[in-house]
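User: I'm new to reading protein structures and would like a close look at a single part. Could you take me through it slowly?

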Amino acid sequence: MNILVCVKRVPLTGGKITLTEDEQAIQTRHLGFTVSPHEECAAEEAIRLVEAHGGESVVLTLGPAEAEEQLRDMMAIGIDRGIHLVTDGGEWDPQATAAAIVDAVRADGTQFDLLLFGNESADAGNYQVAVRVAYALGLPVVNGIKGISVDGAGLRCERERTSHPPGRDVYAVPMPAVVTVLEGINLPRYPSVPGRMRAKRKPLAAAEPARAQPRLEMVRLKLPASSSKQAEVLGHGADAAPRVVEILSEIGVM
Amino acid sequence: MILAAALAASGWLFAVRVRFLVALLRSGAPVTRSGDVPVRAEHEATIVLGQRKLLQRLGPGLLHALIFWGFIVLAPTILIAMIGAVSKHATLPWLGHQGWYAFLVDIFATLVLIGVAGAFWIRKVQRPERFKGSHLGEADLILALIATIALSLLLWHATRIALGLNEYPASSMPVSDALSHLFGHDGVTRVLERAFVWVHVLTILGFLAYLPRSKHLHIASAAFNVWFGRTRARGRLEPLRFDDPDIPEEDIRFGAGTAADLTWKQMLDTFTCTECGRCQDVCPAFATGKVLSPKLLIMGLRDQVFADGGAIVQARAGSDGGTGGPAGPIDLTSLVPTAVPEESVWDCVTCGACVQACPVSIEHIDHIVDLRRHLVMVESSFPSEAEPMLRDVERSSNPWGKAQSERADWADGLGVRILEPGETAPEYLYWVGCASSFDERARTTAESTVKLLQKAGVDFAILGAREACTGDPARRIGNEYVFQAFAEQNVETLNEAGVTKIIANCPHCFNTLGNEYGDFGGDYEVIHHTELLSQLVRDGRLTPRRSESLSVTYHDSCYLARHNDVLAAPRDLVGAVGEPVEMARSGKQTFCCGAGGAHMWMEERAGAINENRVREAAETGADTLAVACPYCTVMLDDGVQSAGAQLRVADVATLLVEAGAAD
Amino acid sequence: MSATLVFMESADDELSQQAVTFAGQLGGEMSAVAIDAGEAYAPAAWAQTLVELAQERGATAVVGPGTDRGNEVLAHVAAKLDQPMSANCMNVTPGEPATVTRMRWGGSLLEEARVHGAPLLLTVAPHAVAATPAADVQVMAVSGSASDADRVVRVSETVPASTAGVSLADADVVVSGGRGVGSSEGFSVIEELAALLGGAVGCSRAVTSAGWRPHSDQVGQTGTKISPEIYIACGISGATQHMAGCKGAKRLLAINPDGEASIFASADYAVIGDLHEVVPAISAEIRKARGT
């Protein structure tokens, strides 16, 4: 199987988010970065599928020069090669992102059996890049997957139901296809040092796509109105227990 | 004739084995244990000749010393006996004629027998726990052989006296003389005289052949093992090299996966183990019912080294013509779990009690860390609960996974100077550490420390968000690669700022910054906060008020007391605020709090090390348990909760503030 | 003349009802549709149905709930029409261009954006507005204009849930543990309290990463988003990605030994202490109050 995984470099925000003065971005000085969680699981899934069924896995990102770190991290856990669509770090809206990915896939020339995405990126959370890529490439697409297995010439995809009755919906999806996954589909492996070293030498193709004009145009970022609420301190240690139970009673959950 | 044959046979057996052992050592991975010759010589003198570490336990130590010194004195008697075996009337030139030497021989042979008798009593009557798991049968055989050698020597002398063969007066050899009354001047005695000398010589020759194939090898290897032990910076782990241009990537050593990966010093460690169990006795993991025994660890590794030894030597001989270096690629058994159970590897808290107790300078921590390095870096195999710590250290630059942008939040409103990029450092850089930055219990230490430094007018600053984890937790759990990335990053930050002196309130930061960053271009004068505070009190720049009603017992941190010899300064401070009372296991005999070796981030299976220590502290009757380490603060406070003890755990700096030193 | 088409997962789905309320901000005519419950869910086919309806009715906006399926269906609509789509909006101001305030980081950050496209496509952030029951919901069959390609991805079967017990997403009470719990066994006190209150057990991402609880217990931006009557968070410091998962909670009680923990800034009630002491004490107090 030839599998493409698309990932995004996102900051690790910690306990609070601070914005740059111009309100155009998060203040990321002193923040660490990672691959967005759903996507890290997508990469792990790609590696497992290739381990089981042979083939090649490719990781792609649209992001600044520093995003190479995320590509190498994914190659360190086993992805075979990378594609870096280098930007100046500015905002790309979902349509521009999808278009750049589609161009890169066509330019790469590989017939991918599966294109894996995270269901939504941790930061922008637009829920749509994968769907747009699928339509542009004429491929079927299913979202929110928590389990994938190869079933004959296609895939069996499982998705948690969010409405009654609880359980999982199953989709039989022919390949080639686009699938978005959720964190929890697997537990990504921890990279070995030989893996990290090999990753440094794995092939990485770079391109600098031109950004289309945004159709969903970010004007500014802002923090949600902080509720002026002050937590009512019910007590310290075990002494607080009676007051807690009073509250639980008042709420009606006792 | 017979002697020549016996000597040749024994000599050949001895030589073959020694040649194999040397070839094995030369196949070991390289490690630098040279330089500091005066210190090495001092170790030989005190530890080997002076039996210093053995005497840490006076009784058994003295018994061993008698046997050891006895054998040094008796060494020439081997030649005398061999000469005497061939020719009844011949002896060693000069020495063989010295009455004073004969006297010494007599006394020391007797002392050896006393030593052996004492050893048998310990092993058979007293039966201490530390021998659990040791090969007692082998030890008994060795003791019996030693006794035979000493006894046969005395009896030989006794029969010679009875036959009038000695040239010096009987008073020169009081013991042999007393024994000589057992023998008459007759034919039986003549036969016995020959018998005893031949028993003596053949036992020695047999022992010679057996020696390098048994744990008695230590009598030869211990001298070397002590010589090649660390001379300084006990707390420093030896770095791995990932970027040596002369070593192809597939040959990089990532710690110890098989016996072929062990360094020659580690192999020598395993040859030198006498199975005495003193390490096992002081190990906090073993004491709380865990699988780890440092003794069994070394014994297990030794057995695997010998099991794979032939293959290792052969592979190296084949690959590079024996010029030294690692063996070529061979298929060897993994050390974990075959030689060392997996839990053992993770049970270790790197407290160093085993290394301190070992009379022959075995460095158990190096073995554990190298086993961990292979498991973590090559196999990605480690306790799953440590994974968040590893990922957080790497991605967020601290094991708490909190944003570095929040690292200096504890200092808000305290008027602490944060050193910005481009600014030059003040006299001291106060390295706060991740624990005091992010853990609420450890935070009070940082708050107290800055108040005291400000009161005393010390010129200092903190790095704030630019202070990344020293990498100690990653290094101790075995991820040397991630550790080195942080070492390099922090050294760059510190060097750019021109930092020369660092105050650290965490002994792990203190150890890593002071002892380990030197390998990465970082040479700083690092002092523990208690050292500076105690100096300030001595100088009168801080004046705490002592309270006689405050009864305080001080818990020594392993990384302060044992690894780095910082004992007095925290005690001075405790004495300056209250009434000190010592625990039994204090100073260098301290018992770990349980957080070392990255255990702060791992679960504890079986009994709790921290509760063990807390119970000991409670027994002193003190109401305050003083500490000088953020990990100890958290672990012992947890221990107080779970053991239900009536103790308040507080850092020495906080006690100083409470005694008014910052007013 | 503005006309809004609102997609509902079902007439009585609360988040879909919120979407109807939200759509009121756009003014003009509004019609709410749901797809026949007998139809297997097929996002592309359902989206095609909405596209056709929108064209028939001259819809200037198509709105859906910010649910798993809502976001997916609207994404399909957007791809089919090659128009921008704003997911999880908190509010909207119609215009040329329209502007929206939408959620980033699961709601921990907001984005003001201009939408250059028509019709206006958006999904509504859960609990951005209160639900008003929709009066007139048309239940439609999937449109004939949906092609075979549109039906390729559809639910072919449903596997029932293997785990019994209270579902985290639906529970009225959720008791969660974080790093402070210390081990997988340590969760027994959390489980005890949850059981006493008939609630579900949750956990933070560090706990899942440590292997102490399965991912299905994880509350957070990339885990399960909960909306209980009360969320009791024990030993959880309050990272934004976790808070994004429990924003929907009506009340938050935080139990943490660190008085400075960021979770207290979002909590309604606070207990400063170690969960290993506090939680068993609460359980004991509950039993006492019930006389058991």
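Is the crossing of helix 1 of chain B and helix 9 of chain B left-handed or right-handed? Please tell me what else goes on around helix 9 too.

Analyst: Before we dive in, keep in mind that this is a predicted model. To your question: helix 1 of chain B and helix 9 of chain B make a right-handed crossing. Helix 1 covers residues 2-27 of chain B, and its axis comes within 7 Å of the axis of helix 9, with the two crossing at roughly 145°.

Now look at who touches whom. From helix 1 of chain B come B:Leu21, B:Leu24 and B:Leu25, and they meet B:Trp264, B:Met267, B:Leu268 and B:Phe271 of helix 9. Sort the residues of this contact by class and you get 7 nonpolar, no polar and no charged.

Helix 9 has another partner, so to speak. Helix 9 takes in residues 264-272 of chain B, and it packs against helix 16 (residues 364-377) of chain B at an angle of about 125°, the axes being 10 Å apart. With that angle, helix 9 of chain B counts as oblique to helix 16 of chain B. The handedness here is left-handed, whereas the crossing with helix 1 of chain B is right-handed.

The residues tell another story as well. On the helix 9 side you'll find B:Gln266, B:Asp269 and B:Thr270, and they meet B:Asp366, B:His367 and B:Asp370 of helix 16 in chain B. Split by class, that contact of helix 9 with helix 16 in chain B has no nonpolar, 3 polar and 3 charged residues. Put the two contacts of helix 9 side by side: 7 nonpolar residues in the one with helix 1 of chain B, and no nonpolar residues in the one with helix 16 of chain B.

While you're in chain B, have a peek at a loop. B:Thr350 sits between helix 14 (342-347) and helix 15 (353-357) of chain B. Its phi is near 50°, a positive value in a residue other than glycine. That's worth a second look because most residues other than glycine have a negative phi. B:Thr350 is also buried, with a relative accessible area of 1%.

Chain C offers a companion example. C:Trp105 has phi near 50°, again positive in a residue other than glycine. You'll find C:Trp105 in the loop between strand 5 and strand 6 (109-115) of chain C, and C:Trp105 is buried, with a relative accessible area of 5%.

Last stop in chain B: a sheet. This open sheet has 4 strands in the order 6-5-7-8, with parallel pairing. Strand 6 (579-580) and strand 8 (648-651) of chain B are at the edges with a single partner strand each, so one side of each has no neighbour in the sheet. As background, strands of a sheet pair through backbone hydrogen bonds, either parallel or antiparallel. Strand 5 (residues 551-554) of chain B pairs with strand 6 of chain B in the parallel sense, over 2 bridges. If you want to spot one of the bridge partners yourself, start from B:Ser551 and find B:Glu579 in strand 6 of chain B.

Conventions:
Residues are numbered from 1 along each chain as its sequence is written. Chains are lettered from A and ligands numbered from 1 in the order in which they are written. This is a predicted model: local features need pLDDT of at least 70, side-chain atom pairs count only at pLDDT 80 or more; totals for chains, interfaces and linings use all residues. Side-chain values use heavy atoms; hydrogens and water are left out. Axes are lines fitted to C-alpha atoms, for helices over the stretch in contact, and angles run from 0 to 180 degrees between N-to-C directions. Angles under 35 degrees count as roughly parallel, over 145 as roughly antiparallel, 65 to 115 as roughly perpendicular and the rest as oblique. A crossing is left-handed if the near helix is turned anticlockwise from the far one by less than a right angle, and right-handed if clockwise. Contact means heavy atoms within 4.5 Å. Ala, Val, Leu, Ile, Met, Phe, Trp, Tyr, Cys and Pro count as nonpolar, Asp, Glu, Lys and Arg as charged, and the others, Gly among them, as polar. Two strands pair if DSSP finds at least two bridges between them. Buried means under 20% relative accessible area, exposed over 50%, partly exposed in between (1.4 Å probe, protein chains only).
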